[in-house]
Structure formats: structure tokens, C-alpha cells
Amino acid sequence: MDVKTYVDKAPDPWGLLETGVDKRRAALIKRHIGKAGMVLDVGCAFGIYSNFLRSLGNYVVSLDASKRMVSAGKKLFSELTFVLGSGESLPFMNNTFNSILCMGTLIYSADRRKFLSEFYRTLRKRGRLCIIERNRNSPMHSLVRKLKKNEKSVDNPSNYFTRAELEKLLVSTGFRIKKASGDYVSMPFSSGFASLAEAFPSLAYFLVFECEKE
């Protein structure tokens with residue numbers, strides 16, 4: 001099953017509605033983006049974290065390639081601006097946003113360099129990009145795939161990034177990396193991994209990069 005089919009067919013893709021805003025993930029996003037002004041949330045899904053960004057005082061544009069997600073998001077969060085579109089061809093002018101959030105979306109792109117180049121184009125000078133992606137080198141993946149079978153059908157670990165790969169891609173598209181850290185997967189037994197994920201991002205379930213457009 002490809003990701004488009006999964007998103008269109010699954011009642012609650014990746015358990016997003018059931019989980020809601022994860023307090024730890026929200027704190028991480030607040031740390032890297034905070035109150036920035038004009039913010040773009042790429043791959044926003046239902047807009048759960050877009051709405052959190054709005055609560056920080058930002059004007060948020062929520063973009064997703066799924067008609068179903070955009071339609072549902074508009075009903076859930078009428079205060080947000082939802083846009084149907086692709087990360088490889090953002091429907092926005094140059095230098096539009098103060099900050100961009102891209103969480104768990106880049107792995108699905110057929111042209112990752114184009115994806116990041118569009119972020120660079122639409123960010124203002126000194127604009128920040130917070131990107132959160134699955135880490136191929138994490139020892140947690142085999143366990144998580146067994147426990148979360150709904151993700152197994154759409155997420156191919158060979159498409160995940162190593163820290164070195166993602167860092168190289170970000171730098172090659174013009175970004176200056178301000179901070180690299182890690183985050184753990186939200187599961188009942190996993191809260192104890194928070195400090196380890198921060199200290200050893202190369203082994204963390206998620207890679208977290210805060211970048212700046214120079």
C-alpha cells in the first residue's frame with residue numbers, strides 16, 4: 001500500500017486524531033519555532049500541530065498533498081488556512097515565511113532536493129526550518145514496526161535518513177544547521193529514552209534539525 005492510499009483509506013492515519021498533540025513534541029516545536037510570525041506547516045495532515053503553532057501567536061498556513069486531510073482539517077480547525085499542494089512545488093511567493101515546520105513528510109518525497117529548495121525559496125532571510133524525520137540507524141525501528149503494524153504497510157525504512165545524509169542534503173540546498181538533536185517515538189515504555197535521544201541523535205528514532213536560511 002502506498003502512502004496516498006493509506007492516507008485516503010485509513011480512518012485515523014498514524015493515529016493522529018487519537019494521539020492529538022504530544023506534549024513533548026509540542027515543547028520541541030515551541031523550542032525550535034516559537035512565536036515566529038508567518039509559519040508554514042508542510043505535510044500538516046489534520047492540522048493538529050498547525051493549531052498548536054497558532055496557539056503560540058503565529059499566523060499558520062497548513063499545507064498537505066491529501067485532499068482528504070485538507071478537507072478534514074478545515075472542519076476541525078476553521079481558524080487555520082489550509083492549502084492543497086505539494087512540497088516540491090509550493091504555491092507561494094519567494095521570501096514569504098518566517099519559519100517552516102516539516103515533520104515526517106520528507107521521506108515520502110520523490111525529489112527531496114527540490115522539496116528542500118522550495119523551503120529555502122519561500123523562507124525569508126534568517127528564516128528557520130525545523131525538520132523532523134525518521135532515523136534509519138535507530139535500533140528502535142524493528143520493534144516499532146512490530147507494534148505499529150499500520151505503519152509497516154506504508155513506511156519503508158530504506159527511505160529513512162541517516163544523520164549524515166539529512167545533514168548533507170540540508171547543507172547542499174543552502175541551509176545553515178543551527179542545532180541537531182534527536183527525539184524518541186511516543187510509546188508507553190519509551191519516555192525514559194528522552195535524554196538518550198537528545199544526547200545521541202545519531203541513534204534516536206527521529207532526527208531533529210533546526211536550520212536557518214542565510
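User: How does helix 6 pass helix 9, in a left-handed or a right-handed crossing?
Analyst: Helix 6 passes helix 9 in a right-handed crossing (the near helix is turned clockwise from the far one by less than a right angle; anticlockwise would be left-handed). Helices (H or I, at least four residues) and strands (E, at least two) are DSSP runs, numbered from the N terminus. This is a predicted model, where local features need pLDDT of at least 70, side-chain atom pairs count only at pLDDT 80 or more, and totals for chains, interfaces and linings use all residues. Residues are numbered from 1 along each chain as its sequence is written, and side-chain values use heavy atoms, leaving out hydrogens and water.

User: At what angle do the axes of helix 6 and helix 9 cross?
Analyst: Roughly 50°, with the axes of helix 6 (residues 112-122) and helix 9 (residues 163-172) coming within 9 Å. Axes are lines fitted to C-alpha atoms, for helices over the stretch in contact, and angles run from 0 to 180 degrees between N-to-C directions. Helix 6 is therefore oblique to helix 9 (under 35 degrees is roughly parallel, over 145 roughly antiparallel, 65 to 115 roughly perpendicular, the rest oblique).

User: Which residues meet there?
Analyst: Arg 112, Arg 113 and Leu 116 from helix 6 meet Leu 169, Leu 170 and Ser 172 from helix 9; contact means heavy atoms within 4.5 Å.

User: OK, the sheet. What's the strand order?
Analyst: The order is 3-2-1-4-5-7-6, an open sheet of seven strands with mixed pairing. Two strands pair if DSSP finds at least two bridges between them.

User: Which strands are at the edges?
Analyst: Strand 3 and strand 6 (175-183); each has a single partner strand, so one side of each lacks a neighbour in the sheet. On average, neighbouring strands of this sheet are turned by 20° against each other, direction ignored.

User: How many bridges join strand 1 to strand 2?
Analyst: Five, between strand 1 (residues 38-42) and strand 2, which run parallel. Val 39 has Val 60 in strand 2 as its bridge partner.

User: And what about strand 2 with strand 3?
Analyst: Strand 2 (residues 59-64) and strand 3 (residues 81-84) pair in the parallel sense over four bridges. Leu 63 stands opposite Val 83 in strand 3.

User: Which helix does the chain cross through between them?
Analyst: Helix 5 (residues 67-76), in a right-handed β-α-β crossover (with the strands pointing away from the viewer, the path from the first strand over the helix to the second runs clockwise).
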